[in-house]
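What follows is a short walk through a protein model, from one loop outward to the whole chain. The sequence and coordinates come first.

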Amino acid sequence: MKHYSFLLLLALLCCNKSKNNNEAATTNSGEPVKAINDTIPLTREKVENSPIASYSEKVKDDLNDWRLAVDIYETNQTFKFLMKIEYMVQEAEDTLTIPNFGIMPKVEIRKGPQKESCIVGFLDKQGEFKEYKLIALKDKQLKISTLKYYGRARYKVSK
């Protein structure tokens, strides 16, 4: 019984310590740490069932009506999206996570540099298209590549 009491006490102390660490998080100047870009909710109240962005390109084939098609769908998380990709009889899914720039994310799909390719990206605060993922064919196989990585940081310059 003594061992169980000790383990229970240890568990309570550990839980209490992590709770206090979260409450006491402060900057060097003693100000409490605040989440940046907390104006946009992290979850959606309503998830759109239809694609929010689509791309389709005919694939050269004399016998069939094949296409490279990409559809992007919202998820219940504001900054995460589901990409559904189809090429001939191949189907694939991938996730797309957009950084929180303090605005609602706007995803776009544009024509890629090669034939039968497209670039999935998003618009930043200034409305500029940011390339994120390349969807292309290599040896008649579907390839999804990350072109660039994005993130957001906030720094405080000390005097």
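In this predicted model, Asp124 sits in the loop that links strand 6 to strand 7 (129–138). Because buried means under 20% relative accessible area, Asp124, at 10% relative accessibility, counts as buried. A polar atom of the Asp124 side chain lies 3.0 Å from the backbone nitrogen of Gln126. When neighbours within four places in sequence are set aside, Asp124 is in contact with Ile103 and Lys130.

The strands on either side of this loop belong to an open sheet of 4 strands, ordered 5-6-7-8 and paired in the antiparallel sense. The edges of the sheet are strand 5 (107–111) and strand 8 (141–146), each of which pairs on one side only. On average, and with direction ignored, neighbouring strands of this sheet are turned by 25° against each other.

One of the pairings can be followed down to residues. Strand 5 runs antiparallel to strand 6 (residues 118–123), and the two are joined over 5 bridges. Within this part of the sheet, Glu108 has Gly121 of strand 6 as its bridge partner.

The chain as a whole contains 1 helix and 8 strands. Along the sequence the pattern reads α-β-β-β-β-β-β-β-β. Of its 159 residues, 28% count as buried. The protein chain exposes about 11,800 Å², of which carbon and sulfur atoms supply 52%. Among contacts with a separation of 6 or more, 39% are between residues 24 or more positions apart.

Key:
Residues numbered from 1 in each chain as written. Predicted model: local features only at pLDDT ≥ 70, side-chain atom pairs only at ≥ 80, totals over all residues. Heavy atoms only, no water. Pairing = 2+ DSSP bridges. Axes fitted to C-alpha atoms, helices over the stretch in contact; angles between N-to-C directions. Buried < 20%, exposed > 50% of the residue type's maximum accessible area, 1.4 Å probe, protein only. Polar contact = N/O pair within 3.5 Å; in protein donor to acceptor, adjacent residues only side chain to side chain. Contact = heavy atoms within 4.5 Å. Areas by Shrake-Rupley, 256 points an atom, 1.4 Å probe, with all protein chains shown as cover.
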